[in-house]
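Here is a quick tour for someone meeting this structure for the first time. Have a look at it first, and then we'll walk through a few spots.

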Amino acid sequence: MAGRRSGSPVVALVLLLVVLTGCGGRPGVDPAAADVQRLLDRRAAAVLDHDERAYARTGTAPDLARLRHVPLADWSYRVTGLHRTGGTATADAELRYRLAGHDRAPVTAGRTLRVSRDADGQWSVDAERPAKKSAQQLWDQGVVQVVRGEHSLVLGVGQSGRSLRDFAALADRAVPAVSQAWGTDWGRQVVVLVPKSLEGMAGLLGSPASSYRGIAAVTTGETGARAPADRVIVNPDAFALLGGPGEQVVLTHETTHVATRRDTTAATPLWLSEGYADWVGYRATGRTPSEVAPELARAVTRGRVPAGLPDDEDFGFTGDGSRLARAYESGWTACLLIADRWGEARLGDFYRAVGEHRKRTGAVEEAMREVLGTTREEFTGLWREYLREQFG
């Protein structure tokens, strides 16, 4: 009896630890996390089915009507964290979705959901918003309107149907123009997002509006991705100032980024990726070098010939419009030189050869040697002389 009494506190302690930590010594898992995951699974199914009743049973926000016309192939949530306070909680989740007929890989977005539990123990969504440091999705800004083109899908918020049809027409002309220059080994479809304003564009990019003031459009997507889900995002405020020919150049430029995405890697300098996109954009316009590159032409005529091709830092949106223009124009003239001297096909070969490298160091130099039969130093000299011939 004495031995049993002396051992009982130890047994009690072990039992207490088992209760507190669970079997195997691991911390107990809050069952609410699994409940919220099941809730979001039902919510995702309702979104895909456009089932407003089923969606309403999972919560009230945001309004499913915002997504009514969006062609979705996939939509799913993965709960990555749950922070409970009694009958309410904040769920961190990863949203993955794919547009039918366009995305070969899903878009991934961080989301934060506020959920609550009723008297019967059932969880529902009270609010959903972009996670901290995550960009908005277009439906966060309002009801999404959809226009389908021959080679395009245009999604807009706060835009007229005519405006969205105009964007589809621009994109439909851009796709074959890009294929003629680059080739047809790409999806030959483009998705264009048109928010209501510059602020809406900035929200989609998760950056301050000041970063994109004066920028007509940008393309998002992972460089070097095998199955990218690209988006051309328009700044309607700046786009409205371009005029017809300028609008087409911009959409063709951005569509080029979509086409070349798989061959654009960490090894590809911005002077090449942006210069090539500009080369395709201006290729069929008949505009002269002085018309396309006025800032660079002005510098050269004043005797300020660039010492070398621009660095990536020169393409930053710093507020210095002249510097940014010269960077783009320098990349364009470098690609124009390659097309003029070695041929358009060799320019595409050079672009792909650079992108085959995993790292930046030596990539351009090796591609110049193997594809163009020159060195970087020789090419830079040829390019500087080319600028003098064009603008001097």
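## A helix on the inside

Let's start with helix H8, where Trp-271, Leu-272, Ser-273, Glu-274, Gly-275, Tyr-276, Ala-277, Asp-278, Trp-279, Val-280, Gly-281 and Tyr-282 are buried. Keep in mind as you read that this is a predicted model. That list covers 12 of the 13 residues of H8, so the helix is largely enclosed by the rest of the structure. H8 runs over residues 270-282, and at 1.5 Å a residue its 13 residues should span 18 Å. The C-alpha atoms at its ends are 18 Å apart, which agrees.

Some residues of H8 turn up again in the largest nonpolar core, which has 113 residues. Trp-271, Tyr-276 and Trp-279 are among those with the most contacts inside this core, along with Trp-75, Val-192, Phe-350 and Phe-379. Which helix gives the most to this core? That would be helix H11 (residues 321-342), with 10 residues.

Trp-75 is worth a stop of its own. Leaving aside residues up to four places away in sequence, Trp-75 touches Ala-44, Val-47, Leu-48, Leu-67, Leu-95, Arg-96, Tyr-97 and Trp-139.

## A buried glutamate and its partners

Next up is Glu-128, which sits in strand S4 (residues 123-130). Is Glu-128 buried or exposed? Its relative accessibility is 11%, and the cut-off for buried is under 20%, so Glu-128 counts as buried.

What does Glu-128 touch, not counting residues up to four places away in sequence? Its contacts are Arg-43, Ala-61, Pro-62, Tyr-77, Arg-111, Thr-112 and Leu-113. Two of these partners also make polar contacts through their side chains: Tyr-77 joins Glu-128 at 3.1 Å, and Arg-111 joins Glu-128 at 3.0 Å.

The Arg-111 pairing is a salt bridge too, at 3.0 Å from N to O. This pair links distant parts of the chain, with Glu-128 in strand S4 and Arg-111 in strand S3 (residues 107-117), 17 residues apart. Both Glu-128 and Arg-111 are buried. They also belong to a wider network of salt bridges that links Arg-43, Arg-111, Glu-128 and Asp-140.

For a sense of distance, try Gln-159, which is 31 residues from Glu-128 along the chain. The C-alpha atoms of Glu-128 and Gln-159 are separated by 24 Å.

## Charged pairs elsewhere

How many salt bridges does the structure hold? There are 16 salt bridges, and the table shows some of them.

| Salt bridge | N to O distance |
|---|---|
| Glu-128 and Arg-111 | 3.0 Å |
| Asp-185 and Arg-262 | 3.7 Å |
| Asp-230 and Arg-261 | 2.7 Å |

Take the salt bridge between Asp-230 and Arg-261. Asp-230 is in the loop between strand S8 (217-220) and strand S9 (231-234), while Arg-261 is in the loop between H7 and H8, 31 residues apart, and the pair links distant parts of the chain. Both Asp-230 and Arg-261 are buried.

Then there is Asp-185, which forms a salt bridge with Arg-262. Asp-185 lies in the loop between helix H4 (161-182) and strand S7 (190-194), and Arg-262 lies in the loop between helix H7 (244-260) and H8, so this pair ties together parts that are 77 residues apart in sequence. Here the two residues fall into separate classes: Asp-185 counts as exposed at 62% relative accessibility, whereas Arg-262 counts as partly exposed at 24%.

## A few stops in the loops

Arg-188 is found in the loop between H4 and S7. Phi of Arg-188 is near 55°, a positive value in a residue other than glycine. Most residues other than glycine have a negative phi. Arg-188 is partly exposed, with a relative accessible area of 39%.

Lys-133 has a positive phi as well, of about 70°, although it is not a glycine. You'll find Lys-133 in the loop between S4 and strand S5 (145-148). At 84% relative accessibility, Lys-133 counts as exposed.

Last comes Thr-374, in the loop between helix H13 (363-372) and helix H14 (376-391). Despite the loop setting, Thr-374 is buried, with a relative accessible area of 7%. Beyond residues up to four places away in sequence, Thr-374 touches Trp-342, Met-368, Arg-369 and Phe-379. Phe-379 may ring a bell, since this residue is also among those with the most contacts inside the largest nonpolar core.

Methods. Residues are numbered from 1 along each chain as its sequence is written. This is a predicted model: local features need pLDDT of at least 70, side-chain atom pairs count only at pLDDT 80 or more; totals for chains, interfaces and linings use all residues. Side-chain values use heavy atoms; hydrogens and water are left out. Helices (H or I, at least four residues) and strands (E, at least two) are DSSP runs, numbered from the N terminus. The expected span of a helix is 1.5 Å times one less than its number of residues. Buried means under 20% relative accessible area, exposed over 50%, partly exposed in between (1.4 Å probe, protein chains only). Contact means heavy atoms within 4.5 Å. A polar contact is a pair of N or O atoms within 3.5 Å; within protein, one must be able to donate a hydrogen and the other to accept it, and residues adjacent in sequence count only if both atoms are side-chain atoms. A nonpolar core is a set of buried Ala, Val, Leu, Ile, Met, Phe, Trp, Tyr and Cys residues joined through side-chain atoms within 4.5 Å. A salt bridge is a side-chain nitrogen of Lys or Arg within 4 Å of a carboxyl oxygen of Asp or Glu.
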